[in-house]
Structures are given as structure tokens and as C-alpha cells.
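The following note sets out points for a colleague who wishes to read this structure alongside its sequence. The points are numbered for ease of reference.

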Amino acid sequence: MNKVNLNLDKKLTNLAGYDFGVKIYEEQVNNKLNLNEKFEIVFPDEIRMIASSFVQGFFADIVKQIGLKATEENLVVSNEKLRNSIIKKLQ
């Protein structure tokens with residue numbers, strides 16, 4: 001599968017900030033996934049909450065490339081609660 005494991009500071013439990021989302025996407029995800037098929041983004045186990053500002057920054061380029069519907073259909077996040085939270089915040 002098309003997969004990226006995010007490497008974040010172990011002390012982080014919440015992700016927030018549009019610019020931080022863009023930075024993490026550009027450094028760790030950009031050009032590493034085929035967005036036209038199922039792709040998985042693996043968040044570290046420590047992450048409990050993701051603010052809408054981070055989601056919007058992180059997924060801005062993905063949504064721009066393939067659209068919101070395809071992003072929702074193709075995005076795989078093993079933590080179902082996090083995935084649902086991300087999808088809600090993209091809408």
C-alpha cells in the first residue's frame with residue numbers, strides 16, 4: 001500500500017496550526033504517495049487530537065490535486081476516530 005509514517009515529536013499529543021500542517025506535509029508526505037489510489041497516513045500512537053487548522057494545512061495540497069471527494073475515498077488512517085475527525089474537518 002501507498003503509505004507514509006509521520007515522524008513527529010513523541011511529546012506531541014495534539015496537532016494544531018495551518019502552517020505546521022503545511023510544513024509536515026511538505027517535509028514528510030509531498031510526492032511520496034500516489035493520491036489516485038488508496039493512501040495511508042500513519043499518525044504516531046501519541047496523537048490524540050488534530051485541530052482543524054492542522055488538517056486544513058496538511059491536506060490543502062492533496063485536496064487541491066484530487067478534490068475533497070477523492071481525498072475522503074482514498075484516505076486510510078488506522079485510527080478510525082482520528083480518520084473521522086479529519087474527514088469532518090475537511091468539509
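1. Pairing of β3 with β5. In this predicted model, Phe39 has Leu75 of β5 as its bridge partner. A second position to inspect is Glu40, which stands opposite Val76 in β5. Strand β3 covers residues 39-42, and two bridges join β3 to β5 in a parallel arrangement.

2. Pairing of β3 with β1. Four bridges link β1 and β3, again in the parallel sense. Lys3 has Glu40 as its bridge partner in β3, and Val4 is partnered by Ile41 of the same strand. Glu40 thus takes part in the pairing with Lys3 and also faces Val76 of β5.

3. The sheet as a whole. The order of the three strands is β1-β3-β5, in an open sheet with parallel pairing. The edge positions belong to β1 (2-5) and β5 (75-76); each has a single partner strand, so one side of each lacks a neighbour in the sheet. In general terms, strands of a sheet pair through backbone hydrogen bonds, either parallel or antiparallel.

4. Faces of the strands. In a regular strand the side chains alternate between the two faces of the sheet. In β3, Phe39 and Ile41 point one way while Glu40 and Val42 point the other, and all of these are buried. β1 presents a covered face, made by Asn2 and Val4, and an uncovered face, made by Lys3 and Asn5.

5. Asn2. This residue lies in strand β1 and, because its relative accessibility is 12%, below the 20% limit, Asn2 counts as buried. A polar atom of the Asn2 side chain is 3.4 Å from the backbone oxygen of Lys38. Beyond its neighbours within four places in sequence, Asn2 is in contact with Lys32, Leu33, Asn34, Leu35, Glu37, Lys38, Phe39 and Glu40.

6. Asn31. Where is Asn31 found? It is located in the loop between α1 and β3. Its phi is near 65°, a positive value in a residue other than glycine. Most residues other than glycine have a negative phi. Asn31 is exposed, with a relative accessible area of 73%.

7. Helix α2. This helix spans residues 52-66, 15 residues in total, and reaches 20 Å from its first C-alpha to its last, close to the 21 Å expected at 1.5 Å a residue. The helix nevertheless has a kink of about 50°, centred on Phe59. Its buried residues are Phe54, Val55, Gly57, Phe58, Phe59, Ile62 and Ile66; Phe59 is therefore both the centre of the kink and a buried position. After α2 comes Gly67, with a positive phi near 90°.

8. The nonpolar core. How many residues does the largest nonpolar core have? This core has 26 residues, and those with the most contacts inside it are Leu6, Ile41, Phe43, Ile50, Phe58, Phe59 and Ile86. The elements that give two or more residues to the core are α1 (18-28), β3, α2 and α4 (80-90). Of these, α2 gives the most, with six residues. As a general background, nonpolar side chains tend to be buried together in soluble globular proteins.

9. Ile50 and Ala51. Outside its neighbours within four places in sequence, Ile50 is in contact with Leu15, Phe43, Val55, Leu82, Ser85, Ile86 and Lys89. Ala51 is found in the loop between β4 (49-50) and α2, and at 18% relative accessibility it counts as buried. Not counting residues up to four places away in sequence, Ala51 touches Leu15, Ala16 and Lys89. Ala51 and Lys89 are 38 residues apart in sequence, with their C-alpha atoms 8.1 Å apart in space.

10. Arg83. Is Arg83, a residue of helix α4, buried or exposed? With a relative accessible area of 18%, Arg83 is buried. A polar atom of the Arg83 side chain lies 3.0 Å from the backbone oxygen of Leu75. Leaving out residues up to four places away in sequence, Arg83 touches Glu72, Leu75 and Val77. Leu75 is also the bridge partner of Phe39. The C-alpha atoms of Arg83 and Phe43 are 10 Å apart, although the two residues are 40 places apart in sequence.

Methods: Residues are numbered from 1 along each chain as its sequence is written. This is a predicted model: local features need pLDDT of at least 70, side-chain atom pairs count only at pLDDT 80 or more; totals for chains, interfaces and linings use all residues. Side-chain values use heavy atoms; hydrogens and water are left out. The expected span of a helix is 1.5 Å times one less than its number of residues. The bend at a residue is the angle between axes fitted to the seven residues ending there and the seven starting there. Buried means under 20% relative accessible area, exposed over 50%, partly exposed in between (1.4 Å probe, protein chains only). Two strands pair if DSSP finds at least two bridges between them. A nonpolar core is a set of buried Ala, Val, Leu, Ile, Met, Phe, Trp, Tyr and Cys residues joined through side-chain atoms within 4.5 Å. Contact means heavy atoms within 4.5 Å. A polar contact is a pair of N or O atoms within 3.5 Å; within protein, one must be able to donate a hydrogen and the other to accept it, and residues adjacent in sequence count only if both atoms are side-chain atoms.
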